[in-house]
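Visitor: I would like to go through this model with you and ask how each label is earned. Could you show it to me?

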Amino acid sequence: KEEAEQKAKEEAEQKAKEEAEQKTKEGVSFEWKGPGETVLVSGNFDNWKEQTPLEKGEDGIFRTTLTLPVGKFLYKFVVDGEWRHAEDLPTETDAEGLVNNVVEVSE
């Protein structure tokens, strides 16, 4: 009986993992069109833990693409060590009065 319960639990965990993986979207683009030498992006999609570098294109625009879960996320750019939001992208002001860019990821 314990083996059957363990197997059912493992199958349920595997199914939940697969469903979670399906609720992500590859190719969510981030662009910084302002000046700067080094541009990173960070957001609440990973609790602000990572700062992902953007690559500067020949057109002078910094870009990167991330795989994110479905949902609404706040993010900011770190331009030459300074936290900034992009003026040309959607923003939201949080409860502390800080302005962040916002992206909504749908399936």
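Visitor: What makes aspartate 88 and lysine 33 a salt bridge?

Guide: In this predicted model, the closest N and O atoms of aspartate 88 and lysine 33 are 3.8 Å apart. The cut-off is 4 Å between a side-chain nitrogen of Lys or Arg and a carboxyl oxygen of Asp or Glu, so the pair qualifies. The two residues are 55 apart in sequence, with aspartate 88 in the loop between β7 and β8 and lysine 33 in the loop between β1 and β2.

Visitor: Why is aspartate 88 called partly exposed?

Guide: Its relative accessible area is 45%. Buried needs under 20% and exposed needs over 50%, so a value in between is called partly exposed. Lysine 33, at 49%, gets that label by the same reasoning.

Visitor: How do you know that lysine 72 and glutamate 92 form a salt bridge?

Guide: Their closest N and O atoms are 2.4 Å apart, and because the limit is 4 Å, the pair counts. Lysine 72 sits in strand β6 and glutamate 92 in strand β8, 20 residues apart. Lysine 72 has 45% relative accessibility and is partly exposed; glutamate 92, at 30%, is partly exposed too.

Visitor: How many salt bridges does the structure hold?

Guide: Four. One of them joins glutamate 31 to arginine 63, with the closest N and O atoms 3.0 Å apart. Glutamate 31 is in strand β1 and arginine 63 in strand β5, so this pair ties together parts that are 32 residues apart in sequence. Shared partners also join Glu31, Asp59 and Arg63 into one network.

Visitor: Let us turn to the strands. Why is asparagine 101 called buried?

Guide: Its relative accessible area is 0%, and buried means under 20%, so the label follows. Asparagine 101 belongs to strand β9, residues 99–105. Beyond its neighbours within four places in sequence, asparagine 101 has contacts that include Phe73, Tyr75, Phe77, His85 and Leu89.

Visitor: What does the side chain of asparagine 101 reach?

Guide: The side chain of asparagine 101 reaches the backbone oxygen of proline 90, at 3.2 Å. A polar contact needs N or O atoms within 3.5 Å, so this distance falls inside the limit.

Visitor: Why does asparagine 100 count as buried?

Guide: Asparagine 100 has 5% relative accessibility, and because the threshold is 20%, that places it among the buried residues. Asparagine 100 also lies in β9. Leaving aside neighbours within four places in sequence, its contacts include Trp48, Lys76, Glu92 and Asp94.

Visitor: What makes β9 largely enclosed by the rest of the structure?

Guide: Five of its seven residues are buried, so the strand is largely enclosed.

Visitor: How do you know that β6 and β9 pair?

Guide: Five bridges join them, in the antiparallel sense. Pairing asks for at least two bridges, so the condition is met. Leucine 74 stands opposite valine 102 in β9, and phenylalanine 73 has valine 103 as its bridge partner there.

Visitor: Which other strands pair with β6?

Guide: Strand β2, residues 39–43, runs antiparallel to β6 and is joined to it by five bridges; one example is glycine 43, whose bridge partner is tyrosine 75. Strand β7, residues 82–84, pairs with β6 in the antiparallel sense over three bridges. β6 and β7 form a hairpin with two residues between them, and aspartate 80 in the turn has a positive phi of about 50 degrees.

Visitor: What forms a hairpin with β9?

Guide: β8 does, with five residues between the two strands. Glycine 97 in that turn has a positive phi of about 85 degrees. Three antiparallel bridges pair β8 with β9, one of them between threonine 93 and valine 99.

Visitor: Why is β6 described as mostly covered?

Guide: Seven of its nine residues are buried.

Visitor: How many residues are in the largest nonpolar core?

Guide: It has 17 residues, and those with the most contacts inside it are Phe30, Trp32, Leu68 and Phe77. β1, β2, β5, β6 and β9 each supply at least two residues of this core. The largest share, four residues, comes from β6.

Notes: Residues are numbered from 1 along each chain as its sequence is written. This is a predicted model: local features need pLDDT of at least 70, side-chain atom pairs count only at pLDDT 80 or more; totals for chains, interfaces and linings use all residues. Side-chain values use heavy atoms; hydrogens and water are left out. Buried means under 20% relative accessible area, exposed over 50%, partly exposed in between (1.4 Å probe, protein chains only). A polar contact is a pair of N or O atoms within 3.5 Å; within protein, one must be able to donate a hydrogen and the other to accept it, and residues adjacent in sequence count only if both atoms are side-chain atoms. Contact means heavy atoms within 4.5 Å. A nonpolar core is a set of buried Ala, Val, Leu, Ile, Met, Phe, Trp, Tyr and Cys residues joined through side-chain atoms within 4.5 Å.
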